[in-house]
Amino acid sequence: MKLFVRSIKNVLRSPFRMVLVMVILGASLMFVAATVSLNANSQAELDAVHQQVGTTITINYATNAANNAQGSGQIADGGSGPGNSGSGPVFFAPTPIPNSAVSKVKNVPGVVSTQENLSRPDQDGTLKGTTITAPNGQQVNAPVLVSGISSDATNFTLAGGQIPTLVTGRSFQAIDANADVALMGQAVAQANGLSVGSTFTLKGTTFTLIGLYTTSDQITDNSIVIPIATMEKVFGINGVDSITATAASYEQVDAVADRLRKALGSAYNVITQASQYSKVFNALQVAQTTIQVAMVISLLIAAVVTIYAVVMLVRERIAEIAILRTLGASHWQVLRQFWTEIVALSAMAAAIAVILLVTLGPFISQKFDIDPSSLLNNGPGLNSSGGGVEVRIAGPGSASANALSNIHLASATLNAQTLLIILGVGLGLALLASLIPTWFVSHTKPARVLRQAA
Amino acid sequence: MSSPQEEQEARAELQEVAPAQPVEKVEKAIIIAEGLSKHFIQAGEEIKAVDRVNLRIAPRQLITISGASGCGKTTLMYLLGSLEKPTSGKLLIDGVDVAALRGRAEDDFRRQKVGFVFQSFNLIPNLSALENVMLPMEIAGTRHKDREERARQLLSQVGLEEKRHFHRPGKLSGGQQQRVAIARALANNPSVILADEPTGNLDSKTGRRIVDLLVQLAHQGRTVVVVTHDRTIARLADKRMELEDGRIISIKNNSNVAQSGTTTKTAATRK
């Protein structure tokens, strides 16, 4: 401890210069820690994105995709289009994928799970919908969206990838496969004065409400969910709008997609979500590369500053080393003295790095951060176009857009990992950079130095 | 201190190496140099800084080495302190064959057997007077409490007021710094004190006090070798040696302090 205290005194012998060196070294160490952390974090986030959106494959009818491009598959308020007679909300129903195709998808090797998606608006208006606010501030009375899900699905998502949270009642069970039961958005239930156990009529069928849920999106809050078989029966649809198949891993997605294309033929669009998210992946990749470049630069600066500090310490202390050797200090004792000083220097620089990281970390994170969901324009929501408001109930990337909204590329905060990086890199660099200079200096011939000093 | 048996062995060894070069009257010697040489190569030319020096120095004496600038005084002192390796010759100090020392043994020798005092004091600037004196003991591995106690004692012994013990060298006068340097030289209780122009940076009054201190050390039982131009020290020394071109040209016993007061020419000079 005495040696360490004396080392700190030695380091601070020229306070202004050494403080400057320590601040630069501290800043470099902070950047190294921040960028290493950001790099690790970005890799983890990339993996997470791959995991969440990269393993899914969406299957649509090719004709539906074409119609989507023209604006079908949407409810338009105040607009007009093919098949739309008169004013008011219109819906262009996609051609359903037959159940035989669903079975084929389920049987393709490599498909670990599927989710059939079937959604229709309650255009009859038997249920009162909630009021939705469009981006332009316009209040829209949107029809209730009815979605069908597999009754055995333990976890399911609604349009836009929204995961509903059950607030009361129960979810579906296997026995509900063909039953006239429904889950309902709490907002819709309130608008219609319904509660769990109540009944309501939809398309002439009386449904029993078994549970209420909420989501974080106003579109999906304005929805009800019924078993998919019941939905096909009630709406008179033989099939589903789209199928989301999941492959076992990101690496297998392309192979599974190829098998699906072969199995289904050219009438279907088989789209891997990785391809839909290429923009996101590219942005993440670019950000990660930038972080890596910043990391290398920070490391180089830290190394140069450390070498400079070590050489400075050693050069200025040649006479002192000669005195120590004259007094009988061994090479090892001189080495130990300098290493302790260098460790003291690094420790002080590390303390500065910690302070800088605490204060500047959020700012750095913000600079490097990317919100993947912001790169997607085809998620669920409302668009204002001309005088009308379009309500998108589903887009090709909607299933995972919500999942991406929780992913943030950058996080550079003080934690055990960054603290270890600061200490490890700081001390490691210092000891590495000091090996050769201190070795040479510890073997100084005292007589030569004393002669020069005399 | 070496035993009589070791002394006898050392003498026998020296006689084997240089039987034809007897030096002055043989007595119990603490420093024995025989044919001691140090040559440097400078710009392709061999410089004989110390050239075949023979000497014997008895313990508890103050010896001065003087001579013109560049005559090899400092090199001889560095050889005596094992800061330089001789090119050839034998050197025994307190029974230790200094020329043969390597590595840790060399460090041990410098730590235990000799203490250095320099013209420019060579104190560590960011350590206090007390810490500077404690440093050799720290290197030797002495316990903190013991070394602090001894350092205080030594500083008092050399006449540094207690209130100055915690002053850094920069806050001390030249004389006070030299006192601290002497206290540091004494820290590990060495047999030999080697001082290189200890009064060179001091005014005459302060210099005289330092000389008195060195004389006192010799009287207390240490061998003090002083490289100096200062006639005051030379007058007070037990023995005065004069160096010229790396060779001892004369060794004089001082009549004021020594019994004989004779001048002895060395073997090298006689040649």
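**Helix packing, chain contact and cores**

In this predicted model, let us start in chain B, where the axes of helix α4 (residues 129–140) and helix α5 (residues 144–157) come within 9 Å and cross at roughly 125 degrees. Angles of 65 to 115 degrees count as roughly perpendicular and those over 145 as roughly antiparallel, so α4(B) is oblique to α5(B). The crossing of α4(B) with α5(B) is right-handed.

Which residues of α4(B) and α5(B) meet? From α4(B) come A129(B), L130(B), V133(B), M134(B), M137(B) and E138(B). Their partners in α5(B) are R147(B), E148(B), R150(B), A151(B), R152(B), L154(B) and L155(B). Sorted by class, the residues of this contact are eight nonpolar and five charged, with no polar ones.

Now turn to the place where the two chains touch. Here 18 residues of chain B are in contact with 16 residues of chain A. On the side of chain B, the elements that give two or more residues are α3 (103–112) and α4. Of these, α3(B) gives the most, with five residues. That side of chain B is mixed in class: seven residues are nonpolar, five polar and six charged.

Finally, look at the nonpolar cores. The largest has 124 residues, and those with the most contacts inside it are L29(A), A33(A), I31(B), V133(B), L155(B) and L214(B). You have already met V133(B) and L155(B) in the contact of α4(B) with α5(B). As for L214(B), leaving aside neighbours within four places in sequence, it is in contact with L62(B), A195(B), P198(B), V224(B) and V226(B). Apart from the largest core lies another, of 47 residues, including L183(A), A189(A), L209(A) and V225(A).

Notes: Residues are numbered from 1 along each chain as its sequence is written. Chains are lettered from A and ligands numbered from 1 in the order in which they are written. This is a predicted model: local features need pLDDT of at least 70, side-chain atom pairs count only at pLDDT 80 or more; totals for chains, interfaces and linings use all residues. Axes are lines fitted to C-alpha atoms, for helices over the stretch in contact, and angles run from 0 to 180 degrees between N-to-C directions. Helices (H or I, at least four residues) and strands (E, at least two) are DSSP runs, numbered from the N terminus. Angles under 35 degrees count as roughly parallel, over 145 as roughly antiparallel, 65 to 115 as roughly perpendicular and the rest as oblique. A crossing is left-handed if the near helix is turned anticlockwise from the far one by less than a right angle, and right-handed if clockwise. Two residues are in contact if their C-beta atoms, placed from the backbone, lie within 7 Å. Ala, Val, Leu, Ile, Met, Phe, Trp, Tyr, Cys and Pro count as nonpolar, Asp, Glu, Lys and Arg as charged, and the others, Gly among them, as polar. A nonpolar core is a set of buried Ala, Val, Leu, Ile, Met, Phe, Trp, Tyr and Cys residues joined through C-beta atoms within 7 Å. A residue is buried if 20 or more other C-beta atoms lie within 10 Å of its own, exposed if 12 or fewer, and partly exposed in between; C-beta atoms are placed from the backbone.
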